[in-house]
Amino acid sequence: MNYFFQKNWRSFAIFFATIISVFLLLMITIPKAKPILGTGDQKTEKRATKEVIHYAAIGDSLTEGIGDLTNSGGFVPLVANDLQEEYHLNGVQTDNFGKNGDRSDQILKRIKKKEDIQTGLASADLISLTVGGNDLMKVIKGDVFRLTQDSFKKPLKKYQSQVEQLLAEIRKYNPEAPIYVVGIYNPFYLYFPEITEMQDIVDNWNEGTKEIVEAEGNSYFIPINDLLYKGVDDQVGIVSADQTTSSSENRDIKNNALYEEDRFHPNNLGYQLMASAIRDEMVKTNNKWLEKGSE
């Protein structure tokens with residue numbers, strides 16, 4: 001046997017060298033199979049998100065928070081608190097540039113004139129805008145006894161042009177932050193539920209706003225009419241105290257989402273409904289403002 005190995009050692013050496021070379025070549029060229037159960041040490045991709053965000057709100061009395069008995073700013077702090085809790089943020093800085101009674105053209109003038117608004121908009125991660133209610137009221141007050149649905153067509157076109165200018169002005173200071181534009185609701189439903197045309201007028205006004213907002217590209221329209229005009233839990237909001245008469249004078253008019261004093265602006269509950277609708281849209285589009293690198 002020893003003689004056999006001594007005689008053929010060269011052949012054995014070449015054989016084993018060939019085997020080892022083939023084995024090494026296979027290790028290099030054949031890809032490794034992935035373990036069926038996983039190795040347990042896979043790295044989880046984690047998005048880099050902001051720890052503090054800046055939310056700027058501009059608009060009319062709805063942004064100012066008229067009707068909010070806590071005097072804390074209506075839906076704005078509610079939205080900020082919801083976002084902080086939802087994303088475990090260290091803080092949400094807010095700027096409230098709401099002003100009671102402002103129409104679209106007046107909001108535009110304030111932005112052009114006031115440096116603090118320009119600065120607030122420029123550094124915002126997200127922006128909300130309430131506009132349109134006072135523009136519609138101006139048309140109604142203009143000729144209240146001769147109004148028809150056609151009376152609103154020309155003013156609506158003008159209003160759309162003003163909203164377009166308003167969004168363009170905001171973009172001059174902040175080209176990246178998403179803008180959330182809140183629609184209007186029909187507070188007249190409480191007093192004139194039989195005037196169904198008013199609901200159509202409010203719907204058309206909202207559609208006019210939505211058209212301009214969607215054309216902007218990084219702006220989102222948030223409807224609130226269905227949330228507020230009837231009240232909470234889909235209550236009709238009109239409760240007749242005296243069922244024997246249909247006279248509006250004898251009706252107990254109620255809407256638990258509106259401010260009791262003027263029955264026009266939202267109350268605390270109404271602002272909570274608004275805040276939920278705005279927050280939901282912001283959450284749905286969080287890739288526009290939450291990740292680091294987004295404005």
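## Gln118 and its surroundings

Apart from its neighbours within four places in sequence, Gln118 is in contact with Ile111, Lys112, Lys113 and Tyr173. The structure described here is a predicted model. Gln118 belongs to helix 5. Its relative accessibility is 17%, and residues under 20% are counted as buried; Gln118 is therefore a buried residue. One of its contacts can be described in further detail: the side chain of Gln118 reaches the backbone oxygen of Ile111 at 2.9 Å.

## Helix 4 against helix 5

Two packed helices are described by the angle between their axes and the distance between the axes. For helix 4 (residues 104-113) and helix 5 (residues 115-122), the angle is about 90° and the axes are 5 Å apart. Angles of 65 to 115 degrees count as roughly perpendicular, so helix 4 and helix 5 are described as roughly perpendicular to each other.

On the side of helix 4, the contact is made by Arg110, Ile111, Lys112 and Lys113. Helix 5 contributes Glu115, Ile117, Gln118 and Leu121. Sorted by class, the residues of this contact are three nonpolar, one polar and four charged.

## Strand 3 and its two partners

Strand 3 covers residues 126-130, and five of its five residues are buried, so the strand is largely enclosed by the rest of the structure. The side chains leave strand 3 in two directions: Leu126, Ser128 and Thr130 point one way, while Ile127 and Leu129 point the other way. Residues on both sides are buried.

Strand 3 pairs with strand 1 (residues 52-59) in the parallel sense, over five bridges. Within this pairing, Tyr55 has Leu126 of strand 3 as its bridge partner. Strand 3 is also joined to strand 4 by four bridges, and these two strands likewise run parallel. Here Ser128 has Tyr180 of strand 4 as its bridge partner.

## From strand 4 to strand 5

Strand 4 (residues 179-182) also pairs with strand 5, again in the parallel sense and over four bridges. In this pairing, Val182 stands opposite Ile222 of strand 5.

Strand 5 comprises residues 219-222. Ser219 and Phe221 point one way from this strand, and Tyr220 and Ile222 point the other way. All of these residues are buried.

## The buried residues of helix 6

Helix 6 spans residues 133-142, and its buried residues are Asn134, Asp135, Leu136, Met137, Val139 and Ile140. An α-helix has 3.6 residues a turn, so residues three or four places apart point the same way. The buried residues of helix 6 pack against three other helices, namely helix 4, helix 7 (153-173) and helix 8 (196-216).

## Tyr271 in helix 10

Tyr271 lies in helix 10 (residues 268-284). With a relative accessibility of 1%, Tyr271 counts as buried. Not counting residues up to four places away in sequence, Tyr271 touches Ser61, Leu62, Gly65, Ile66, Gly67, Asp68, Gly74, Phe75, Leu78 and Pro266.

Two of these contacts merit closer attention. The side chain of Tyr271 reaches the backbone oxygen of Ile66 at 2.6 Å. Tyr271 and Asp68 are 203 residues apart in sequence, yet they are 7.5 Å apart in space, C-alpha to C-alpha.

Notes
Residues are numbered from 1 along each chain as its sequence is written. This is a predicted model: local features need pLDDT of at least 70, side-chain atom pairs count only at pLDDT 80 or more; totals for chains, interfaces and linings use all residues. Side-chain values use heavy atoms; hydrogens and water are left out. Axes are lines fitted to C-alpha atoms, for helices over the stretch in contact, and angles run from 0 to 180 degrees between N-to-C directions. Angles under 35 degrees count as roughly parallel, over 145 as roughly antiparallel, 65 to 115 as roughly perpendicular and the rest as oblique. Contact means heavy atoms within 4.5 Å. Ala, Val, Leu, Ile, Met, Phe, Trp, Tyr, Cys and Pro count as nonpolar, Asp, Glu, Lys and Arg as charged, and the others, Gly among them, as polar. Buried means under 20% relative accessible area, exposed over 50%, partly exposed in between (1.4 Å probe, protein chains only). Two strands pair if DSSP finds at least two bridges between them. A polar contact is a pair of N or O atoms within 3.5 Å; within protein, one must be able to donate a hydrogen and the other to accept it, and residues adjacent in sequence count only if both atoms are side-chain atoms.
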